[in-house]
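User: Hi! Could you take a close look at one part of this model for me, the strand pairing, and then carry on from there to how the nonpolar residues are arranged?

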Amino acid sequence: MSGKIDKELFQAHEHALEHEICPQCSGELSIRYGKRGPFLGCQNYPECDYIRPLKSNDGHVVKELGIPCPQCESESELVLRQGRYGMFIGCSAYPSCTHIESLEQKKESSQTETVCPSCHKGHLQEKQSRFGKSFYACDAYPACRFAVNLEPQQGCCQKCGFELLLKKETAAGTRLICADKKCAEVQSQSE
């Protein structure tokens with residue numbers, strides 16, 4: 001092995017060797033390791049508790065879209081942002097405007113005609129969790145937080161009278177069950 005130093009390697013990563021100053025106490029920041037990964041922390045810890053993440057998933061702008069924001073009434077434009085849970089579209093005037101949109105186009109058939117049994121004002125709407133699973137929630141959210149994982153069907157429970165049934169696929173075929181978590185009664189087929 002040669003004793004020669006590869007200067008190109010050090011020039012490419014010079015920024016990693018630079019020392020940063022703590023904005024709270026003017027001490028030196030160094031890379032520390034925690035249960036969630038590496039971060040920058042002040043060397044004067046515990047007297048100074050300044051920390052900063054190395055990776056930034058704080059909603060930074062990836063691309064300007066050139067479309068006016070519908071909430072700001074054309075004062076600002078929409079931008080593509082990288083956030084904690086992936087890409088999303090948001091207003092460039094954040095935090096004064098908090099308009100956000102999903103990247104996925106909303107389906108026309110995502111809203112059902114089923115009235116929410118909890119608030120009786122909203123309708124159940126198909127949504128996607130951050131893991132890609134479908135669920136049905138009231139479109140009056142956050143005032144109403146009713147949500148179910150199975151496809152809703154109009155009808156009343158034969159046992160408790162709850163106003164919503166759920167369609168469940170089983171090995172024996174499709175069954176209707178009560179949407180009330182306390183009941184969850186399987187409905188008889190003679191309805």
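Analyst: Happy to! Two strands count as paired if DSSP finds at least two bridges between them. Please keep in mind that this is a predicted model.

With that in hand, start at strand β2 (residues 28–34) and strand β3 (residues 37–42), which pair in the antiparallel sense over 6 bridges. Here tyrosine 33 stands opposite proline 38 in β3. The two strands belong to an open sheet of 4 strands, ordered β1-β2-β3-β4 with antiparallel pairing. Its edges are β1 (20–21) and β4 (51–53), each of which pairs on one side only. For context, the protein has 2 helices and 15 strands in its secondary structure.

Now for the nonpolar residues. The largest nonpolar core has 11 residues, including Cys116, Leu124, Tyr136, Phe146, Leu164 and Ile177. Strands β11 (134–138) and β14 (164–170) each supply at least two residues of this core. Leucine 164 is a good place to zoom in: leaving aside neighbours within four places in sequence, its contacts include Leu124, Phe146, Ile177 and Ala179, along with Thr114, Pro117 and Gln153. Apart from this core lies another, of 8 residues, among them Cys69, Cys72, Leu78 and Ala93.

Some nonpolar residues sit at the surface instead. Val62, Met87 and Leu103 make a nonpolar surface patch of about 240 Å². Valine 62 lies in strand β5 (residues 60–68), and it counts as partly exposed because its relative accessibility is 44%. Leucine 103, by contrast, lies in the loop between β8 (100–101) and β9 (111–115); at 42% relative accessibility, leucine 103 therefore counts as partly exposed too. Beyond its neighbours within four places in sequence, leucine 103 is in contact with Leu80, Met87, Phe88 and Ile89. Its C-alpha atom is separated by 9.7 Å from that of glycine 86, 17 residues apart along the chain.

To place these parts in the whole: buried residues make up 25% of the 191 residues in the protein. The accessible surface comes to about 14,600 Å², and carbon and sulfur atoms account for 51% of it. Among contacts with a separation of 6 or more, 18% come from residues 24 or more positions apart.

Conventions
Residues numbered from 1 in each chain as written. Predicted model: local features only at pLDDT ≥ 70, side-chain atom pairs only at ≥ 80, totals over all residues. Heavy atoms only, no water. Patch = residues over 30% accessible without salt bridge, like charges linked within 9 Å, V, L, I, M, F, W, Y side chains within 5 Å. Areas by Shrake-Rupley, 256 points an atom, 1.4 Å probe, with all protein chains shown as cover. Salt bridge = Lys/Arg side-chain N within 4 Å of Asp/Glu carboxyl O. Buried < 20%, exposed > 50% of the residue type's maximum accessible area, 1.4 Å probe, protein only. Core = buried A, V, L, I, M, F, W, Y, C linked by side-chain atoms within 4.5 Å. Contact = heavy atoms within 4.5 Å.
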